[in-house]
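The exercises below ask for a careful reading of a single chain, and each is followed by a solution in steps. Please look over the sequence and the coordinates before starting.

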Amino acid sequence: HVDGPTATFTALRIQAGRNLEYDGLPVNAALSMGMHESQSLLWERMVALSKEFSVFLLPKLLEVIPELKDSNATPDTLYGKLNQISEPSLIRTESDE
């Protein structure tokens with residue numbers, strides 16, 4: 001089970017990916033589940049867990065959480081933490097980590 005900031009980021013990236021597909025659509029204009037899941041997984045797995053995203057995200061995290069500034073605050077350590085394999089779980093947001 002993942003706790004703390006990593007769990008929060010996991011839930012955030014999943015929901016953000018899902019919500020992008022609805023941008024500009026009426027509230028009752030749901031797309032197919034295939035589109036829903038593919039958009040979610042694109043952002044959740046391909047974008048938010050990439051090394052390039054860690055390079056983008058780290059300075060923004062350090063602006064709002066200055067306590068993280070130390071010698072270990074590098075894009076590579078952030079990438080490793082976000083891509084850490086956790087214990088098997090039945091919770092959807094943690095099951096494929």
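**Exercise 1.** Decide whether M46 is buried or exposed, and place M46 in its helix and its surface patch.

*Solution.* M46 counts as exposed because its relative accessibility is 60%, where buried means under 20% relative accessible area, exposed over 50%, and partly exposed in between (1.4 Å probe, protein chains only). The model is a predicted one, in which local features need pLDDT of at least 70 and side-chain atom pairs count only at pLDDT 80 or more, while totals for chains, interfaces and linings use all residues. Residues are numbered from 1 along each chain as its sequence is written, and side-chain values use heavy atoms, with hydrogens and water left out. Next, M46 is found in helix α2, residues 33-47, helices being DSSP runs of H or I with at least four residues and strands runs of E with at least two, numbered from the N terminus. Finally, M46 joins L42 and W43 in a nonpolar patch on the surface, with about 300 Å² of accessible area together.

**Exercise 2.** Describe the elements of the protein chain and its share of buried residues.

*Solution.* The protein chain has five helices and zero strands, so that its order from the N terminus reads α-α-α-α-α. Of its 97 residues, 27% are buried.

**Exercise 3.** Compare the accessibility classes of S54 and T74, and give a C-alpha separation for each of them.

*Solution.* S54, which is found in helix α3, counts as buried because its relative accessibility is 1%. Its C-alpha atom is separated by 5.2 Å from that of P75, 21 residues apart along the chain. T74 lies in the loop between α3 and α4 and counts as partly exposed because its relative accessibility is 29%. The C-alpha atoms of T74 and L58, 16 residues apart along the chain, are separated by 7.3 Å.

**Exercise 4.** Characterise the largest pocket by its volume and its lining.

*Solution.* The volume of the largest pocket is about 500 Å³. Of the 19 residues that line this pocket, P5, L61, L68, L78 and K81 are the closest to its centre. (On a 1 Å grid over the protein atoms alone, a pocket is an open set of points where a 1.4 Å probe fits, with protein on both sides within 12 Å along at least five of seven lines; lining residues have an atom within 4 Å of a point.) The lining divides into twelve nonpolar, five polar and two charged residues.

Technical notes. Points joined across faces, edges and corners; volume = space filled by probe spheres on them. Nonpolar A, V, L, I, M, F, W, Y, C, P; charged D, E, K, R; others polar. Patch = residues over 30% accessible without salt bridge, like charges linked within 9 Å, V, L, I, M, F, W, Y side chains within 5 Å. Areas by Shrake-Rupley, 256 points an atom, 1.4 Å probe, with all protein chains shown as cover. Salt bridge = Lys/Arg side-chain N within 4 Å of Asp/Glu carboxyl O.
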